[in-house]
Amino acid sequence: MEPRVGPAPDAAPQVRPYHHPAAGWGAAKSVTRVLVEERELVDGPRAIMRMNHENGGFDCPGCAWPDDTKGLRLDICENGIKHVTWEMTRKRVDRAFFAAHSVTELAGWSDYDLENQGRLTEPMTYDPESDHYVPISWKEAFEVVGAALRGLDDPNRASFYTSGRLGNEATFLYQLMARELGTNNLPDCSNMCHEASGRALQAALGTGKGTVDLKDWESADALFILGVNAASNAPRMLTALAEAERRGAQIVHVNPLVEAAATRTIVPHEFLDMALFTSTRTSTLNLQPRIGGDMALLRGMAKAVLEQSASDPKALDATFVERHTAGFEEYRALCAATPWEELERQSGLSRADILRAARVYTEADRSIVSWCLGLTQHEHGVDTVREIVNLLLLRGNIGREGAGPSPVRGHSNVQGNRTCGIDHRPTEAFLDRLADACGIDPPREHGLDTVRTIQAMRDGEVKVFVAMGGNFALAAPDTPATYAALRSCDLTVQVSTKLNRSHLVHGRAALILPCLGRTEKDHQRKGVQRTSVEDSMSMVHLSLGMKRPASPHLLSEPAIVAGMARAALPDSETPWDWYIEDYDRIRDTMAVALDGFEDFNRRVRLPLGFRIKQPARELVFLTPSGRAEFSTAALPDVVPEPGTLALGTMRSHDQWNTTIYSDDDRYRGVKNLRTLVFMNRADMRERGIADMGAVDITSTAKDGSHRYLKGYTAVPYDIPRGCAAGYMPEMNVLCALGDYSTQSDQPIMKHVKVTIVPAAGG
């Protein structure tokens, strides 16, 4: 087929307001289209009935929302079905495809068309003389990796990246291989997403995870959803929101854009509602702070709680605060000293709006605060998440049913990756247990995270880059800098299911190692294997593929890790081959090495698996004081300078991370257009920008350097003045490599300083 680069010539861009419920018939129509296009009208529906279910089901490779606790038969969503069907496609990228297309040619294709070619079928290696990928045997591929790693003068010249889709067993083996080699260079997608959440929760509560589970969502009196586009990023949350509204819970959405999930929904498995077109509200209050203004809103809510407590002692849980917290008086004084005028200015909200949110909070007996990247990808992301904890502590909303902090992880097993050892800053306790369980001497110095890995590759300090899943070239910030860094490597290795940009932006030597998908059967010597994953709420459960592999030459992710490890560590006493014969053996070792995984093989086979213990949920706080810690961080100044805007990057609805299913964004009313920027209409008028007019965008980095996007389309949208938004990965180019948070080291992709003007010559 000929590649489609961008929209088809006869597909003119369209933008029309979206006024329909989230999910419902729009989702059903979209799913049907995908099943037809991928020719999966038989296996597709079979997969739908097996996804997110115990007793032979497989876990959705999309988001990390927990599986339903009530036996729901269709615990699915539109984007999950797209993700699975995209993986189950009958299209193939084989040796004939690579022989027909050079890397230079493929580099000119759109990212949609690269992935749309289908599943990879066998290992490939880059041939610089022909500029083509050519076949290589698994044995030879592993030896290429092994030779490159053995030849390094320092193990820290290699870096091992992990995407959130990797299962727990492969994750554990991967970090074991890296640490046996002698490095903690284990960057992962958390470094770009929820690193701020983990650091904040660890500092405040002594745990890097949220404390609530799905049953808590089912009993909360108030839900506060901050910086989350649930209808696209965690669509199964819509069920929880609809159920909450029906039982009378208050639901407050906080987002610069009022997303479809913050209005109403028709949940697809509720067949009568579907038939009658009956929608359910998913919010009782929508607040639109300026980009970065969430911390001021939270501080204002806390100030309101404390002011109310002067006349209404029940507004503050003084007993909880006294028994279980530290630093309260300092925080009380900070709130009192913060003027309402400053809270209004920084949040972009009126005092009346802040008080409305506070009233919902104080009138609720049990409250959950949930958030995603809209809060974390900022310079002050850690402080903002800690402000969430401050607010929860005031009313004792920690350690009891229906209450607590609940970060929404955006990828299937990103939380499990961190739990099972993917951490460039491992604790001494973790390393000690790993050493005892596995008989190795792991390195103790911290390794490189994502940003520092890119810098080290660029500077020639990292020579070998291995990526387990994902599309690193597109996911990372500062696209030109990331490309240059990858091309500076001696060897890049991509473990993948489908062709993507990272295969075309490669080192001097490059390997593509194709792996099984989540939907496929994993045959090993002891039979078909299951893998485990951890959801956003710390539940660990098994996943079993249902389909014949796309190619007989595919290997599982654990088998690929073991193959690389055998070649790189020829004298290793780790029983790599023995582990791969039966994944129960890996889990037995994990049960010894990982806190909370004791009796792993038995517990993971229980209905719905098991929940990793959360000391803070039991009011045990592993902090220096032994108590939950209030934070007294100063409010950041997030008001844009005159003439500038704060721009946040985001996904479209028809997209999952860097995988783009089409150029449409149904919930924002966009068709056939991705190179756009959403703007406040008054900001457009002030700059002389017409509706749907062409604009040039310039970002200014912390170091004063500039980055550019030319000829984008300005789309008027309901967004606060001084704010703008557009799609990643196209807009990642605007976030400089050096523009990362000093609190979390995350790229600040939700708070890029830009100027937008009519396009030159437009």
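## Packing of α23 and α25

Helices α23 (residues 450–458) and α25 (residues 479–487) pack at an angle of about 55°, and their axes lie 7 Å apart. Helices here are DSSP runs (H or I, at least four residues), numbered from the N terminus. Axes are lines fitted to C-alpha atoms over the stretch in contact, with angles from 0 to 180 degrees between N-to-C directions. The two helices are therefore oblique to each other (not under 35 degrees, not over 145, and not 65 to 115). Their crossing is left-handed (the near helix is turned anticlockwise from the far one by less than a right angle).

From α23, Ile-454, Met-457 and Arg-458 meet Ala-481, Thr-482, Ala-485 and Leu-486 of α25 (contact means heavy atoms within 4.5 Å). This contact divides into 5 nonpolar residues, 1 polar and 1 charged.

## Model basis

The model is predicted: local features need pLDDT of at least 70, side-chain atom pairs count only at pLDDT 80 or more, and totals for chains, interfaces and linings use all residues. Numbering runs from 1 along each chain as its sequence is written, and side-chain values use heavy atoms, without hydrogens and water.

## Cavities

The structure holds 8 cavities of 30 Å³ or more (sets of points on a 1 Å grid over the protein atoms alone where a 1.4 Å probe fits but cannot get out). The second largest has a volume of about 210 Å³, the space filled by probe spheres set on the points.

Its lining has 17 residues (each with an atom within 4 Å of a point). Gly-517, Arg-518, Asp-522, Thr-531 and Glu-557 lie nearest the centre. Helices α8 (168–181) and α26 (557–568) are the elements that give two or more residues to this lining. By class, the lining of the second largest cavity holds 4 nonpolar, 7 polar and 6 charged residues. Asp, Glu, Lys and Arg count as charged; Ala, Val, Leu, Ile, Met, Phe, Trp, Tyr, Cys and Pro as nonpolar; the others, Gly among them, as polar.

Key:
On a 1 Å grid over the protein atoms alone, a cavity is a set of points where a 1.4 Å probe fits but cannot get out, and a pocket is an open set with protein on both sides within 12 Å along at least five of seven lines; lining residues have an atom within 4 Å of a point.
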